[in-house]
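Welcome, and please open your viewer. Let's take a walk through this model together, one selection at a time.

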Amino acid sequence: MKTSPFDLTGKVAIVTGGNGGIGLAMARGLARAGAAIAIAARDKSKSEAAAQELRAAGARCPFYSMQVESREACHATVAAVTGDFGRCDILINNAGMSIRKPPEQITEDEWRQVLDVNLSGAFFCAQAVHPHMKAARRGKIINIGSMYSLFGAPMVAPYAASKGGLVQLTRALATAWAADNIQVNAILPGWVDTDLTRRAREQIAGLHDLVLARTPAGRWGEPDDLAGAAVFLASAASDFVTGTTLAIDGGYSARG
């Protein structure tokens with residue numbers, strides 16, 4: 001019997017911000033499919049707890065401390081992972097942050113902070129894994145965008161700009177690296193129940209019900225809803241899929 005195209009046995013995946021929320025859910029999905037997971041994040045205690053959870057489930061999963069906005073740190077982390085595992089097959093650029101303010105109140109430092117984490121960090125990590133994937137003649141890069149890659153909103157100008165830019169970065173890298181057999185795609189999560197969106201619900205009156213009313217599926221997403229898409233885009237099942245965006249949103253973006 002042929003191996004399943006979704007089998008990730010023997011593969012190594014770096015997941016930035018993989019210590020909670022959708023990042024950890026995607027890491028769980030890849031681990032269940034057989035991949036070893038390298039969690040790259042800044043919160044040591046949270047990351048160690050996530051890594052321990054995955055190890056308890058049978059996955060090989062070390063934690064690497066990384067400031068994603070630093071090009072040097074991204075390259076050093078990838079070097080450490082490839083030194084430990086001898087390879088890097090999958091990169092999920094999931095680390096992200098947001099600052100909610102009217103755009104006229106955003107400071108230069110706040111603007112740069114959000115863009116550096118959400119967009120520059122993804123680019124630096126992709127740059128760092130590229131030579132390893134090129135040498136192996138195979139690689140998968142998955143960038144985590146947002147509904148704000150598609151829609152505007154008044155209080156998230158830096159976040160929306162970074163996530164919109166991430167979609168264009170995805171397309172650019174996909175065209176640049178297709179000849180190296182590296183597929184680059186983006187997942188656009190809808191409204192998913194995470195710490196980040198719980199804070200948004202505390203700040204925006206009626207947000208919970210507004211999301212329910214617009215979402216054809218009639219519910220908020222759960223982090224585990226992202227796992228299947230991550231496995232697909234990380235596996236041989238998606239070898240002819242590159243430069244695309246996949247909305248995991250219960251139909252939110254399909255409703256006019």
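Begin by selecting strand 4 and strand 5: they run parallel and are joined by 4 bridges. Before you go on, keep in mind that this is a predicted model. Look for Ile 90, whose bridge partner in strand 5 is Lys 140.

Now keep strand 4 (residues 90–93) and show its side chains. Are they buried or exposed? Ile 90 and Ile 92 on one side, and Leu 91 and Asn 93 on the other, are all buried, so both faces of the strand are covered. The pattern fits a general rule: in a regular strand the side chains alternate between the two faces of the sheet.

**The sheet**

Add strand 1 to the selection. Strand 1 and strand 4 run parallel, with 3 bridges between them, and Val 15 stands opposite Ile 92 of strand 4. On to strand 2 (residues 36–41), which is joined to strand 1 (residues 12–16) by 5 bridges, again in parallel. Here the partner of Thr 16 is Ala 40 in strand 2.

Next, select helix 2 (residues 44–56). Helix 2 packs on the sheet, where it touches strand 2 and strand 3, and its direction makes about 170 degrees with that of strand 2.

Zoom out to take in the strands together. In what order do the 7 strands lie? They form an open sheet in the order 3-2-1-4-5-6-7, with parallel pairing. At the edges are strand 3 (63–65) and strand 7, each pairing on one side only. Averaged over the sheet, and ignoring direction, neighbouring strands are turned by 20 degrees against each other.

**Helix 3**

Select helix 3, which has 15 residues. From its first C-alpha to its last it reaches 21 Å, close to the 21 Å expected at 1.5 Å a residue. Colour its buried residues: Ala 73, Cys 74, Thr 77, Val 78, Val 81, Thr 82 and Phe 85. Why do they end up on the same side of helix 3? They cover an arc of only 165 degrees around the axis, which puts them there together. Behind such patterns is a general feature: an α-helix has 3.6 residues a turn, so residues three or four places apart point the same way.

Rotate to the other side of helix 3, and you will find Glu 72 and Gly 83 exposed. The buried residues of this helix pack against strand 1, strand 2, strand 3 and helix 4. Just after helix 3, stop at Gly 86, which takes a positive phi of about 80 degrees.

**Helix 5**

Helix 5 (residues 157–177) is the next selection. Its 21 residues should span 30 Å at 1.5 Å a residue, and its end C-alpha atoms are indeed 30 Å apart. Among its buried residues are Pro 158, Leu 166, Leu 173 and Trp 177. What do the buried residues of helix 5 pack against? Their partners are helix 4 (108–136), strand 5 (139–144), strand 6 (182–189) and strand 7 (245–248).

**The nonpolar cores**

Select Ile 14, Leu 91, Val 129 and Ile 141. Of the 36 residues in the largest nonpolar core, these four touch the most other members. Strand 1, strand 2, helix 3 (71–85), helix 4, helix 5 and strand 6 each supply at least two residues of this core. Helix 4 gives the most, with 9 residues. Apart from this core lies another, of 32 residues, including Ala 33, Ala 51, Leu 54 and Cys 61.

Zoom in on Ile 141 for a closer look. Among the residues it touches are Leu 91, Val 129, Met 133, Trp 177 and Val 184.

**Three stops in the loops**

Ser 149 is found in the loop between strand 5 and helix 5. Ser 149 is buried, with a relative accessible area of 17%. Beyond four places away in sequence, it touches Lys 163, Gly 164, Val 167 and Leu 188.

Move to Arg 137, in the loop between helix 4 and strand 5. Arg 137 has a positive phi of about 60 degrees although it is not a glycine. In general, most residues other than glycine have a negative phi. Arg 137 is partly exposed, its relative accessible area being 46%.

Finish at Asn 181, in the loop between helix 5 and strand 6. Asn 181 is not a glycine either, yet has a positive phi of about 60 degrees. With a relative accessible area of 24%, Asn 181 is partly exposed.

Terms used:
Residues numbered from 1 in each chain as written. Predicted model: local features only at pLDDT ≥ 70, side-chain atom pairs only at ≥ 80, totals over all residues. Heavy atoms only, no water. Expected span 1.5 Å × (residues − 1). Buried < 20%, exposed > 50% of the residue type's maximum accessible area, 1.4 Å probe, protein only. Contact = heavy atoms within 4.5 Å. Pairing = 2+ DSSP bridges. Axes fitted to C-alpha atoms, helices over the stretch in contact; angles between N-to-C directions. Core = buried A, V, L, I, M, F, W, Y, C linked by side-chain atoms within 4.5 Å. Arc of directions from axis to C-beta.
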